[in-house]
Structures are given as C-alpha cells and as structure tokens.
Amino acid sequence: MKDLYDPTVARLTYRALLGPRRALILCLLPALLLVVAVVVRLLAGADDTVAAGLLGGFALAVMVPLVGVIAGTGAIGPEIDDGSVVYLLSKPLKRSTIILTKLLVAIAVTAAFSAVPTLVAGFILNGNSQGIAAAYTLAAVLAAVAYSALFLLLGTVSRHAVVFGLLYALIWEALFGSVVPGAQTLSVQQWALAGAERVAGGAEITSAVGLPLAVCALLAVTVGGAWFATRTLRTLTLAGDE
C-alpha cells in the first residue's frame, strides 16, 4: 500500500485543490446544476426524458469534464509551473507513488464535486425513476476516473494544461463527443454512458459504444495516463539532476 499511496502527498494535494479560490470554482457548476434541476422540476414536473436530457447534456457532458480539468491539472500542474515540485521530488518517494496518490486525490475530488451533485439533481428531477439518477451517477464516477488521469497527465506535460483541458472539455467532449458519430467512439462521455445504459436498462439512456469497448477504453486511458505521467515525472527528475 505504501507504494500506491502516501498520506503526506495526499494531504498537500487536498489542501492545494480545496483552497478557498479553487473550492469556490469547483462549487459553481454543481450549484448551477442543482438550481436548474429545482427550476426544471417546478416547471416540468417529474419527466424522465427531461431528467435524462439535463443529466446527460449538462452534468455529464459539461460539468464532469470541467471539474475534472480543475482537479486533474490542479493536482500537480501548479507545482511543476512554480518549481515547488522539486521539493516533492527530493523526498524518498517513488515517482509512481506520487502520481498514484495525486490521481486518487483528483478522482476523489472530481467524483465528490460531480457525481454527488448528479445524484442529488437526479432525485430532484424525477426521484430516480427508471434508475436514471443512479445510472448517471455511475457514469459521472467512471468519467471522473478517466478525466482525472487524462488531465493529471496533461498537467505534467504542459504549462498550459488548464487551457488545453478546457478546450478539450468544451469542444471535444461537450460538442463533438455528444453529436459527431466518429468522435463519439473516442469520447470519455460515451464510454461512461455505456455503463449508465446498462444500469438503467437502456431507458432514456443510450451510448454510441458498446460496454466491452467502453470498459477497455476507460481502463486504457486511466492506466495509460498514470503511466505516462509517472514517466514524465521521472524525466523531470533526471533533467533537474543534470
């Protein structure tokens, strides 16, 4: 377990991600989702189609990737940008332990600020009729894992990780990943929806990819992102030693 998780690194990462300014930003989209859910319920009543549309079109397609950008890049990007990562790398810790710890923290933060509001919004909208709230919550958790790994990797390789992450989240996932057939196959959103479709039995929820492909893709992005991030961190160490 020591090779996978370091409490000190986790505590520092949580502190960085949940500072006043970043925590406020993390709360904005979940709060907006809940407000919209209340308004929609008051105006439209308990409608399964409307609930699935809001949870899929806003929660999963917009909120989850944007929260993932903030948590994933914020878990390590600022330390690399300001050079403070040198102090972390000077500790007797494996680079894989640092990355895995930060990944677990990013996943926890992303899931807390996206999956939990999705579940609450789902119950507000239709009381989990047809399992829609539970299905989209599962999709949010699955997407949180993949996005955290993807954006953590981005934070290790680019000083403009937040900008590239936002472009990816808003253009690829929210736009192309929702409507363009070819792009849907390479969309984290669609992979996560495959799990939601299975939980809800297909009611009001459909994915452009099958569940086996979705599971393999989610695993590949998560494991591959962590591996490349670890490799990049090792490269930074070698560069610093030189």
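## Exercises on a predicted helical model

Pro 78 lies in helix 4. Helices here are DSSP runs of H or I with at least four residues, numbered from the N terminus. The model is predicted: local features need pLDDT of at least 70, side-chain atom pairs count only at pLDDT 80 or more, and totals for chains, interfaces and linings use all residues. Residues are numbered from 1 along each chain as its sequence is written, and side-chain values use heavy atoms, with hydrogens and water left out.

**Exercise 1.** Describe the surroundings of Pro 78.

Solution. Begin with accessibility. Buried means under 20% relative accessible area, exposed means over 50%, and partly exposed lies in between (1.4 Å probe, protein chains only). Pro 78 has a relative accessible area of 33%, so it is partly exposed. Next, list contacts, meaning heavy atoms within 4.5 Å. Leaving out residues up to four places away in sequence, Pro 78 touches Arg 22 and Thr 73. Finally, take a C-alpha distance. Pro 78 and Ala 161 are 83 residues apart along the chain, and their C-alpha atoms are separated by 9.7 Å.

**Exercise 2.** Find the salt bridge and place its two partners.

Solution. Apply the rule: a side-chain nitrogen of Lys or Arg within 4 Å of a carboxyl oxygen of Asp or Glu. The count comes to 1 salt bridge. The partners are Lys 102 and Glu 79, at 2.7 Å from N to O. Lys 102 sits in helix 6 and Glu 79 in helix 4 (residues 77-82); the pair is 23 residues apart and links distant parts of the chain. Now check burial. Both Lys 102 and Glu 79 are buried.

**Exercise 3.** Characterise the packing of helix 1 and helix 6.

Solution. Two packed helices are described by the angle between their axes and the distance between the axes. Axes are lines fitted to C-alpha atoms over the stretch in contact, and angles run from 0 to 180 degrees between N-to-C directions. Helix 1 (residues 7-17) and helix 6 (residues 95-126) pack at about 40°, with axes 9 Å apart. Classify the angle: under 35 degrees is roughly parallel, over 145 roughly antiparallel, 65 to 115 roughly perpendicular, and the rest oblique. Helix 1 and helix 6 are therefore oblique to each other.

Then list the residues that meet. Helix 1 brings Val 9, Ala 10, Thr 13, Tyr 14 and Leu 17; helix 6 brings Ile 98, Thr 101, Lys 102, Val 105, Ala 108 and Val 109. By class, this contact has 8 nonpolar, 2 polar and 1 charged residues. Here Ala, Val, Leu, Ile, Met, Phe, Trp, Tyr, Cys and Pro count as nonpolar, Asp, Glu, Lys and Arg as charged, and the others, Gly among them, as polar.

**Exercise 4.** Compare the burial and contacts of Thr 110 and Thr 222.

Solution. Thr 110 lies in helix 6. At 0% relative accessibility, Thr 110 counts as buried. Beyond four places in sequence, Thr 110 touches Val 64, Val 67, Gly 68, Ala 71, Ala 115, Ala 144 and Ser 148. Thr 222 is in helix 11 (residues 211-241). At 15%, Thr 222 also counts as buried. Outside its neighbours within four places, Thr 222 contacts Val 145, Ala 146 and Ala 149.

**Exercise 5.** Examine the phi angles of Asn 128 and Gln 130.

Solution. Recall the background: most residues other than glycine have a negative phi. Asn 128, not a glycine, has a positive phi of about 65°. Gln 130, not a glycine either, has a positive phi of about 60°. Locate them. Asn 128 is in the loop between helix 6 and helix 7 (132-157). Gln 130 is in the loop between helix 6 and helix 7. Add accessibility: Asn 128 is partly exposed at 23%, and Gln 130 is partly exposed at 42%.

How values were computed: Helices (H or I, at least four residues) and strands (E, at least two) are DSSP runs, numbered from the N terminus.
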